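User: Please take a close look at one sheet and go through it strand by strand. Then say what packs around it and where it sits in the wider model.

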Amino acid sequence: MVNTVSVEVEFRHADLGYRHRTVLKDLSLHIDSDSVTCLLGPNGVGKTTLFRSILGALSPLKGEILLNGKPIAHHRPQDVAKLIAYVPQAHQAAFPFKVLDVVMFGRTAHLNRFQMPGRNDRMVAEMNLDFLDIRHLAERSYTELSGGERQMVLIARALSQEASFLVLDEPTSNLDYGNQCRVLQKIKALREQNIGILMATHSPDHAFMIGTHVIVLKGGHIHKMGPPEQVLTCEVLKRTYGVNVHLLDVPEGHLPSRKICAPSLY
Amino acid sequence: MLGKLKYSLILLAGFVVLALLCLLSLYIGRYPISLGDLGHVLSNDADLDPNMAVVLWNIRLPRILSAVVVGGALAIAGTAYQGLFRNPMVSPDILGVTSGAGLGAALAILFSFPVIGIQLLSFAGGLTAVLLAVAIGKSVGKGHDVVLSLVLSGMILSSLCGALLSLTKYLADPDDKLPAITYWLMGSLSSIRMENLAVVVPITAVGVIPLLLFRWQLNILSFGEEEARSLGINTALLRAVVILSASLITASVVSVSGIIGWVGLLVPHLTRMITGPDNRILLPASFLTGSIFLLLVDNLARSVSSVEIPIGILTAIIGAPFFLYFLKKSQRAW
């Protein structure tokens, strides 16, 4: 799983949204596969809109979005899928596909139009199940899994795309505490394999834990952008979420200490 | 791979059952034919009752083939539609193809068209209804939830065709044309001739082949359009292929058989219980199960009483309780 193809996504003065509603205005932004970027912002600020635009499901209303220098719309879906993999929030499926099959769905971008996945695709899928420690789920039905298990399966599916950039939509929402931590550990491990990450999250702590960059969206614009330690100050958090937050330093063994948020209830 | 072997075995078993059932069905009917007679007919024996050859070649064989083609076609179209709409409650009627076909046939009967005219108009009616539904869905949906707007415009089209069908029946001569329309709508395999099959089979094949080719991609569509796109699928193309193919298949068989309900809803369910939801096996297997199912029902239709029961009525009578049973047994895991 060594990814060498680098991915650059560039927004140039892009207005994003829908026909009658612009959600994000005049967005200029550069994200690449060398970073772990956390996307923060209150509910409804446009995180999902941003994702849909990066994936090409939504065309920018104004300006442009370039994927490796070329407008997203000029790439075939198959080519985009080889560069960017998307992990949606764990959801219910209509039909009880086996987990191994769901993970093999991720191989589709590497198949010809009428081709069925073969031995090699199966091996890639199994390898990713191993990487995420969910090999034991391979023969289970996706529909029978818990939310946490389903989220892991969707990550395995995205990894099977062998793209060098991963877009995750609140991968820890609906997960219990242990599963949240396990998902974050795995995302950190992906970073070590040179996979770039863009992740929407509701918790500023996640940015401190795994982020090299953070983007704070507010009121249809980028409010702040940069390394988490510089961007996420008490004032910024107060202005973004409207609550008082204390920032504390936690020691991490021999590693440099890490910040955590403690919201004030007074 | 173990999976592949299992798939092949399931398909092989389906073929064997279908072949045996076809042979068995040759014996069923009011005119008694024995195994020896069958041998004589096949070897073109000269001192054979000539009626027997006529019954076998001109009546029973076309009918058996019709059941195989119509049942399989409706079932595979239903499976494809269910995959596309990500809903196991969907049947081939969803975009108005059957109601459009019904309206076309009724109009043709009203205007005293010959049999071929009825078939052509019903085929055209079915396809027109679907194309209209797609066009309306597109203009209303404008890229939002395409599938939902398709379902809604399909409902609109179906109900419009239903109203026009009622009008046609109202205008039809109650002595000969109205009963003819009513019988057509009940569905029957008894009037399908070899000449009809010679036309229907190639058209059905033209629809079935793309579905089989795209069956892996159809799997991925079950997670929704946007996810399928992010996994690298040209969803607009895939949707168009599935809708066109499934509608072509349905319209072509309905134009000769009339409306036979339930097969396209029930058989995909039944097959999914045997094979699981993977379209790599489900799609081809549903054709076989559809053939087997309709052949069984048709054998009942023509042997249970001295008067033949219209097959569309029988599929509903058998289908409804079966469907309830499956629903109860499988609960959420279709």
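Analyst: Two strands pair if DSSP finds at least two bridges between them. Helices (H or I, at least four residues) and strands (E, at least two) are DSSP runs, numbered from the N terminus.

This is a predicted model, in which local features need pLDDT of at least 70 and side-chain atom pairs count only at pLDDT 80 or more, while totals for chains, interfaces and linings use all residues. Residues are numbered from 1 along each chain as its sequence is written, and chains are lettered from A and ligands numbered from 1 in the order in which they are written.

Confidence comes next. Chain A has an average pLDDT (the predictor's confidence in each residue, from 0 to 100) of 91. A score of at least 70 is reached by 98% of its residues. By element, the lowest mean in chain A is 87, for strand β12 (residues 255–263), and the highest is 97, for α3(A).

Now the sheet. It is open, has six strands and mixed pairing, and runs β6-β7-β8-β3-β9-β10 in chain A. At its edges stand β6 (84–87) and β10 (221–226) of chain A, each paired on one side only. Neighbouring strands are turned by 15 degrees against each other on average, direction ignored.

Start at the β6 edge. β6(A) runs parallel to β7(A), with four bridges between them. In this pair V87(A) faces L168(A) of β7(A). On the next step, β7 (residues 165–169) of chain A is joined to β8(A) by five bridges, again in parallel. There L166(A) is opposite I197(A) of β8(A). β8(A) also pairs with β3 (residues 36–40) of chain A, parallel over four bridges. C38(A) sits opposite M199(A) in that pair.

How enclosed is β8 (residues 196–200) of chain A? Five of its five residues are buried (20 or more other C-beta atoms within 10 Å; exposed means 12 or fewer, partly exposed in between; C-beta atoms are placed from the backbone), so the strand is largely enclosed by the rest of the structure. G196(A), L198(A) and A200(A) point one way, I197(A) and M199(A) the other. In a regular strand the side chains alternate between the two faces of the sheet.

L166(A) ties several pieces together. Beyond its neighbours within four places in sequence, it is in contact (C-beta atoms, placed from the backbone, within 7 Å) with A85(A), V87(A), A158(A), L190(A), I195(A), G196(A) and I197(A). L166(A) is also among the residues with the most contacts inside the largest nonpolar core. A nonpolar core is a set of buried Ala, Val, Leu, Ile, Met, Phe, Trp, Tyr and Cys residues joined through C-beta atoms within 7 Å. This one has 161 residues, and its other most connected members are I84(A), V153(A), V167(A), I76(B) and A80(B). Its largest share, 13 residues, comes from helix α3 (residues 50–84) of chain B.

Helices come next. Axes are lines fitted to C-alpha atoms, for helices over the stretch in contact, and angles run from 0 to 180 degrees between N-to-C directions. α1(A) lies across β3, β6, β7, β8 and β9 (213–218) of chain A, at about 150 degrees to β7(A). Helix α6 (residues 177–191) of chain A packs on the sheet as well, touching β3, β7 and β8 of chain A. The direction of α6(A) makes about 150 degrees with that of β8(A).

α1 (residues 47–54) of chain A also lies across β1, β2 and β4 of chain A, at about 120 degrees to β1(A). Those strands belong to an open, antiparallel sheet of four strands, ordered β2-β1-β4-β5 in chain A. Its edges are β2 (21–32) and β5 (70–71) of chain A; each has a single partner, so one side of each is left without a neighbour in the sheet. β4 (residues 62–67) of chain A pairs with β5(A) over two bridges, antiparallel. Here L66(A) stands opposite P71(A). The loop between β4 and β5 of chain A holds N68(A). N68(A) is not a glycine, yet its phi is positive, about 45 degrees. N68(A) counts as partly exposed because it has 15 C-beta neighbours inside 10 Å.

Last, the chain boundary. Contacts link 21 residues of chain A with 22 of chain B. On the chain A side, α2 (77–83) and α3 (99–105) are the elements giving two or more residues. The largest share, three residues, is from α2(A).

Technical notes: Contact = placed C-beta atoms within 7 Å.
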